[in-house]
Amino acid sequence: MFGTFDSAVVDHFGTLNVIDFKYGAGHAVSPVKNLQMIFYGVGLAHLYQWNFKRVRLWVVQPRIKGYDGPTYWEVPTLELKTYVDFFKRAVDRVELNPNEFVEGGHCHWCKAKGICP
Ligand code: SF4
C-alpha cells in the first residue's frame, strides 16, 4: 500500500499534522473520518513508530465556495491505529477476490475507471 500526501508537520510526542491540498473547485471534501486522510495518517504515524498523542488530518481546498464544514479532523493516535486492521482486511479482500468489483462513490477518482468491467 502507498500514498502521496502533500505536507506534514511532525511534532514528536505531540500532534502529527497531515495535510492534503485539493485544488478542484467542484467537489468539497470533508476531512471527518475521510478514509484517504486516515490512510495517509496511518502511513505517516507508522513511519514514526506511532509516537504521537493525536493526529490531525487536514484538507485544504481554497477554491471551494460555500463549504462551511471543518478543515481538519483530530483523532487520538490509539483510535487511528484501529484503522490498520481495517485497511489490512481490505487488502486481504482484494487479494482473495481480485475480480470482485464494487461500484460506488469511490469510483469517482479511480484511475482504472476507463477499463473497469
Ligand atoms: S472503477 Fe475503480 S474503484 Fe470503481 S469498481 Fe472499478 S476498480 Fe473499483
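This passage walks through the sheet, the helix that packs on it and the ligand surroundings in a predicted model.

The sheet is a good place to start. It is open and built from 4 strands, laid out in the order β1-β2-β3-β4, with mixed pairing. Its edges are taken by β1 (7–10) and β4 (72–76), each of which pairs on one side only. Going from one strand to the next, the twist averages 15 degrees.

The mixed character shows up on the two sides of β2. On one side, β2 runs antiparallel to β1, and 4 bridges join the pair. Here alanine 8 sits opposite valine 18 of β2. The β1–β2 connection is a hairpin with 4 residues in between, and phenylalanine 13 in that turn has a positive phi of about 70 degrees. On the other side, β2 (residues 15–21) pairs with β3 (residues 54–60) in the parallel sense, this time over 7 bridges. Within this pairing, leucine 16 has valine 55 of β3 as its bridge partner. Packed on the sheet is helix α1 (residues 35–47), which touches β1, β2 and β3. The direction of α1 makes about 135 degrees with that of β2.

As for the ligand, the residues around it come from further along the chain numbering: Phe101, Val102, Glu103, His106, Cys107, Cys110, Ala112, Lys113 and Cys116. Sorted by class, this shell comprises 6 nonpolar residues, 1 polar residue and 2 charged ones. Three cysteines, Cys107, Cys110 and Cys116, are among the surrounding residues, as are Glu103 and Lys113.

Terms used:
Residues are numbered from 1 along each chain as its sequence is written. This is a predicted model: local features need pLDDT of at least 70, side-chain atom pairs count only at pLDDT 80 or more; totals for chains, interfaces and linings use all residues. A residue is near a molecule or strand if its C-beta atom, placed from the backbone, lies within 6 Å of it. Ala, Val, Leu, Ile, Met, Phe, Trp, Tyr, Cys and Pro count as nonpolar, Asp, Glu, Lys and Arg as charged, and the others, Gly among them, as polar. Two strands pair if DSSP finds at least two bridges between them. Axes are lines fitted to C-alpha atoms, for helices over the stretch in contact, and angles run from 0 to 180 degrees between N-to-C directions. Two residues are in contact if their C-beta atoms, placed from the backbone, lie within 7 Å.
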